[in-house]
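Me: Please take a close look at one part of this structure, the side of chain B that touches chain A. Some background on chain B itself would help as well.

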Amino acid sequence: MTTIHPDQITAERLAGLSRGPVTATPAPGTGDGSLIDDPAIRAPLVLNNRSFKEVTDIICGYTENPPPRWWFPVFGVVATLAGLQTVFILYLIITGIGVWGLNNQVDWAWDITNFVFWIGIGHAGTLISAILCLLKQKWRTAVNRSAEAMTIFAVICAATFPGIHVGRQWMAWFLAPIPNSNAIWPNFRSPLLWDVFAISTYGTVSFLFWYMGMIPDLATLRDRAHQRMLKSADGPKLLPFVPIRVDAIRAFAYGLLSVGWRASSRHWHRYEAAYLVLAGISTPLVLSVHSIVSFDFATSIVPGWHTTIFPPYFVAGAIFGGFAMVLLLLIPARELYPNMKDFITLRHLENMAKIILTTGMIVGFAYSMEFFIAWYGGNKYELYAFQNRAFGPYWWAYWTMISCNVLSPQVFWTRWARTSPLAIFIVSIFVTIGMWFERFVIIVTSLHRAYLPGEWGMFHPTLVDVMIFVGSFGVFLTLFLIFLRVLPVFAMAELKAVLPQASPHEHGHGQDHGQDHRRGDDHGHDKAHGHEHSKGGKH
Amino acid sequence: MSIIDQCPSTAENSKSPEKRRASKADLAQRDRVLNTTGGVGGAKVWRSADEYADTREFRDFVEREFPSGASELLESSRRGFLQVMGASLALAGAATMPGCRQPDHKILPYSKEVPEEIVPGKPLFYATSTTIPGGGAEGLLIETHEGRPTKVEGNPLHSVNRGKSSIWAQSSVLDLYDPDRPGDPVFNNPVRGKVSASWDDFRQWANDTFAKFDSTQGAGLAIVAQKKSSPSREFIRGEMLTRWPKMTWVSYDAVDSDAERAGVIAAFGEQVRQVLSLDKAKVVLSLDRDFLNGSTSGEPHALVNARNFAATRRVTGKDDPMSRFYMVESAFSITGAQADHRMRLAPSQIPAFAVMLAKELLNGVTGNAAGLLEAVRAVTVPAGNGIDAKFVSVCAEDLRQAKSGAVVLAGPTQPAAVHALCHAINAALGNVGTVVKFIPASREESADSSAQLKDLAQNLAANQIDTLVCLNCNPVYNAPPDLFGTGGFAAAYAKVKNTVSYNLGLTETGDASTWALNATHDLESWGDTQGADDGIAPIQPMIAPLFDGSLSDLELLTLIISDNRADAKPDGYQIVRTAWKALLGEKDFDKNWRRSLQDGVVPGTARDGDKAEVNFASVAKQMPGLSAFIAGAKVPTKDALDVVFRVGHLGDGRFSNNAWLQELPDTGTRNVWDNPAVVSPQTAKAMGIEPESDTAKFPEGVVVTLAVNGRSIEIPVWILPGIADNTVLLTVGYGRRVAGRVGDGVGFDVFPLRNAGQRMAQGATLAKTSRGFPVSSTQNHWWLEGRTALVRAVDRPAFQKFADETVEAEHEIYGRHKETLNFAERLGELAHTPPNVSAYENPYNLGKVGPDKANLDAAGKPPAYSTGQQWGMTIDLSTCTGCNACTIACQAENNIPVVGKKEVAKGREMTWIRVDRYFTGDDLDNPGDMLHQPVACVHCENAPCEVVCPVNATIHGPEGINYMTYNRCIGTRYCANNCPYKVRRFNFFDYGVTKFNGDYYGRDIVEKVSPERGGVTGSNVHNKLNVNLIPPRLRQKLDEISRMQKNPNVTVRSRGVMEKCSYCIQRINAARIECKVNDLRDSQGNPVIPDAFLQTACQQACPSESIVFGDILNLTSAVSKLRNGTRSYALLGFLNTRPRTSYLVRVRNPNPALVDEARKHAWENPFHHGAEHEGAEHGGAEHGKAETPHALVTPRARRDGESSLSLRVLSSPVGAPISGGIGHGAHA
């Protein structure tokens, strides 16, 4: 131990053998990790003063131990939904797009609504992992892994819709720039093609980011499985009559996935560098993807779509909806999984609630600006499009959107709501509904009454519309449940870095930041320490 | 041809092995010879080093023709050959298992005796003709592909058509290929029930049945024949009556107007037919006569009227004369939509109007007419009938001023006395011989259908009829019930011993007959027709009867009077020739015959018409009756409604199984696949029977019980703005029970309500039921929403004042140079479009400089669309009546599928050219105008659809046409979303290829949608199997017979692809080839298609010639003259889409005496744009000021020349009363 650190206590802590220093006073403030009024006092990022080993045990335990009792029935339900989606998609492809409620006036409806909805949800993950990483927001470590996973699953759900919404799905490969003898290329002027590139880039980078971040943790899982194999000759078998041990499979699978990670300093160095590079690449992507998705509408000449406000408005909306979805997933998870509340504290929830409040108001501002410009611009077609949104046949959709997106987050002005998981959960449901309706309102109400009143129509969804959308939730949740079951749900390595004991110089005063800070001044410290310290102590 | 025979089976028994080997050697020898001597100037010619070296391997290679191994079979043993063949057969067997089978292909090769004139792939056109419902005929020109008629056009040489055609003529080709056409006669065996029989069986039966009439002189035989003006049939009828003088012949027309005929007798003492020359008319007054529309009024001269009337409405310059048209009508017809002044009036009140008018108009007449004036004065017109006396007097004054240029027309709803009075008024106006002419009516036309039916009914009641033949008619369905006692005609018919029905499709009559004979279509048989102007035209077959053995009507009648019916093979060709010889004389007969077959008309038979003397005294005698009528005709109330029976697209029901006509939107309501009872919004509101809102998924009409003439039916109600209050508009021809898969049970049968000869009834009652019925409509929205710049209309005084005035736009619009705005453009947005200068140069903007080739770009290329031929179209809103002929012509030409009622309800109709219909004004009950605007793809030069298509499926051609590449389209539908005109149509299902659900009517929604309101839930009678559950490739494909109609030059689109108007690109390309073959060049020597060389399908059909197509760069072409004229504007042009189709402003010609001050004020400044803010109620008192409704932006707006921020794109050009401005629908 002494090789790790000259100080015995610190060395033990670094080795994960002992907890952080226990101070005379318990955790300040509410004790549940929520923020407190005194800016000088900072709530801990991990509660219950966990040691490194405990962190590893808890997080690896989610995949190593049998799943909680609720897991299988819930999985059964969502997997059935996912299967139903497949059935309805097959029906759609076999029969024709006409099984949806679309028509010649409203040529896009739930298909593209769902697409934009899911793509928007996919934004929170990368925002948390990339932008918050670059901004050195330590609290992100508890939620980034699951948020990134959610991103990827949302992108998968989203990518389904442009694929199946075309009339001839079997010809969708025409979208790919494949050289051919007729020299026919895709139309590079079309925003739909930009979508293809933007989403595939985003999906790829998000996946790489997620996967690369997981490599150290996958190696941990591999090593633990391997250790268990070495320790005892028997263990749970794959099936009673199959002489293959689960740990062997785990060791093999995680071994494959962890691509030879040995946690050498060089590995860590490369890892950190690559992580930073990917964070740098992802950050503009967070902004660009939904901007490009918004170009589908903004570059058109449809009143209600042809708006320059769309890119920032869509990005804000995406973050808004994305965080709501993160919360929708994590609040039940932290309730249902043992010890998860230690990592996802009220502070995390509160931070995210604040982001929802902020982005919700940006979105609300955008709604009002649209109306202002529609009036100020003097173009009556434009003005009508917006009047029709609010007072036309789809008024209920518009006002659902307004109440869910603009009004419901306003409860987050109160501390009570921000720190009440139930309240946050309920608001998140509203926000998710509201964001779906936002896309529905933009798409359907703009199309159904465009320029020529002679060609006005209505859109009425069909069972296939509904089932494919509901089924996409099934796919999403199925993938997320599998993720919870087999992959490290938290970034263990990063999480340990925000534990107090990760700062070797903070002798026994991890919780007493104010004092620690003063002490730091006395001692003077090297750059790394100062850096670490300022993260812990900056308010 | 290869010397080596590749087929072992033929190799075995063809030539001897020696001979084959010898020829192989010959080949090698010949190759060498060729190689050494065949070159230029004797030099050796070689293609490769091997060949040059002429190695043995190379020679072998050449000799083998195919690479090594390919012809190895030749060398194999018999056993080996059998092995290989066995394996191949086994594989082939496996390949033919279901699922991996190639579809069977049937080809019809012209392997021998190719007719000299046939070039495979090139259509031939033959002239023929057909009769139309309501009398008269149309001369047609049929496009045939390899002997298969695919498209019907009007015959340019025919005096009625002049190249145009009605929707009935256009759609008749679909009747030919109706898959429900019975293929064999059906005999109702008294013992075994209905059995399929043959024509030979019928011959045998006919021999037994008709022989006895020789002894009775025809007594006991009755023939009920559809009225048809055919000299040959008339000839045979004469022969029959000669042989069997006691035979009964009923000239039957289900929707006859007895009143019109009686009016003519009263006025002229004999049957004459009125022929209008509306091109000479200056002032027209129509009393409920829909003279422009053959398909809703049975107007045999509608095509002529539309053409001539349009000629008086088409103005190009400010000094062009223009007629003025007053309409007094109960419905809102397309003719009424053309009116400058329109009064809606219940049909029972129109006689009062006629009398009021006559009193004014005849005032001061002398001579014979003075007696009439006395009689007219004696007629008392009760007050409070809602007739605007000012309208009457102004109208009378206008008519009097126009003298011989004025005409008053009475419609079929009016009693005989009104018709007679109108004839007298015309005579008094002095227009007989100019606008109105007369020709003697044919026997068939003047036959009184009702009276003859009445006689027949008496004979039937007395059991005096032994054999009854129904020829091309369906009296069991549509005979008036009042003549036949209890059970109507059907009961009387059932009692007749022998009944024969001869009809093209399935009919109720056929179903009830002893013999149901399958008729031939006019395109399959010989015959002739006589048009409304007496012009005779031949009917010649385009194709052999699709069902072997069936006889034409002429042949059937000939068979009936043959001596030896069992062996009779009557020949239609000879029958017509015989009849014509009697008619035209023997001299030069064959020459004339061939000439008339070639031209489709018999020259010299069409008549111009003569004068006819009105017997004023006789008309005066009608007046007491009219007085009694007027006294009895109380103003209809909601307890005693007026009912109007009108003909719809289905005629008297004979076109029920024609899906094109079923899906053709009705005028005004735009309903398809149904005939709801139509009432005015006020009436519906008063009675609580308003239809469901237009935002419902399947909007429903309230089902009511409608009782009139002592009988009642149940029918849903729909509303139409602008029809007379407390008047119910009923459309006949629907509700067929036995019509085929398309027509069965579609709509509601209103014939049971109607008495013989009746077109209008009084005293109807209407009781609401608790049920609803879904009604599909292609356009549920009534208003323009203040967007008057879309359909621009202007009053003539304003047009005359400003037509020649152009202004420079205040700013450069869209780029490089300033625009000169014509009159039409000043009426719309473009005059107010803010400067919209892009940072980038739009290459398409260069094209605005026109054909100036000096204007080359940096690369030395001329600007886009400034060279070659650039196609464009103009649509004249002044003359377009909204008759839908363009829609159906396009459907026939471009293989556009029918989608069915349910799909239309969902908004998925496929028509490439649709007619948008709008009402103006702020009163839903009495709208100002009904505006029609045909909209098809406008082929934008700067097309929004092209930019957004991710796969380049829709691109721009060098001639300015927006191409749609079906092969490339994957169906993202982005183009349709971004199309501001919404003209793109998506194949949501396999509409074009499979039979869609086998049920066009959507019976599942009809029966399922409102179970709580009495519908039948979950009916599986009609939907045995949901076709959606069957994979498309296993679905029932179109019948072979239905596929025969398809135009081979237009792709039949699969599901999942977008489609739209192509400007009939197949016609352009055919014309291009034709012109290149003939080496037609312009003055610069470039290949050119001359102007008017080709017509698009819609243009060719348009009866009023409102659609013009051609090269817009050719300054002498008709289209460029119109496009560059003062009335031309681009629809939504301010979007910089640069459409190639431009619209011509509608010019109205109101009488200043009937126009209020506000409207007159607008004549001074038609470009005023505050109208939609002030609305009509403010009467334009604030004209010239209050330009800015938004005080916030006033300073800026002023600086920008009041165009940038105060852009009011939805201005009302003439201060036309606009309902509530934009957003009206939201608040309504």
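Reply: What follows describes the contact first and then chain B.

This is a predicted model, in which local features need pLDDT of at least 70, side-chain atom pairs count only at pLDDT 80 or more, and totals for chains, interfaces and linings use all residues. Residues are numbered from 1 along each chain as its sequence is written, chains are lettered from A and ligands numbered from 1 in the order in which they are written, and side-chain values use heavy atoms, with hydrogens and water left out.

The contact (heavy atoms within 4.5 Å) involves 69 residues of chain A and 79 residues of chain B. Together the two chains bury about 6100 Å², with 56% of that on carbon and sulfur atoms; buried area is the accessible area (1.4 Å probe) that two parts lose on being put together, summed over both.

Three salt bridges are found across the interface of chain B and chain A, a salt bridge being a side-chain nitrogen of Lys or Arg within 4 Å of a carboxyl oxygen of Asp or Glu. B:R914 forms a salt bridge with A:E455, and their closest N and O atoms are 3.4 Å apart. On the side of chain B that touches chain A, the elements that each supply at least two residues include β31 (914–919), α33 (944–948) and α41 (1171–1174). Helices (H or I, at least four residues) and strands (E, at least two) are DSSP runs, numbered from the N terminus. By class, this side of chain B has 39 nonpolar, 19 polar and 21 charged residues. Ala, Val, Leu, Ile, Met, Phe, Trp, Tyr, Cys and Pro count as nonpolar, Asp, Glu, Lys and Arg as charged, and the others, Gly among them, as polar.

As for chain B itself, it has 43 helices and 40 strands. Of its 1228 residues, 61% are buried; buried means under 20% relative accessible area, exposed over 50%, and partly exposed in between (1.4 Å probe, protein chains only).

The structure holds zero disulfides over all chains, a disulfide being a pair of cysteine sulfur atoms within 2.5 Å. The sulfur of B:C937 has its closest cysteine sulfur in B:C1061, 5.5 Å away, which is too far for a bond. B:C937 is buried, at 8% relative accessible area. B:C1098 is also in no disulfide, and the nearest cysteine sulfur, that of B:C1064, lies 6.2 Å away. B:C1098 is buried, at 10% relative accessible area.
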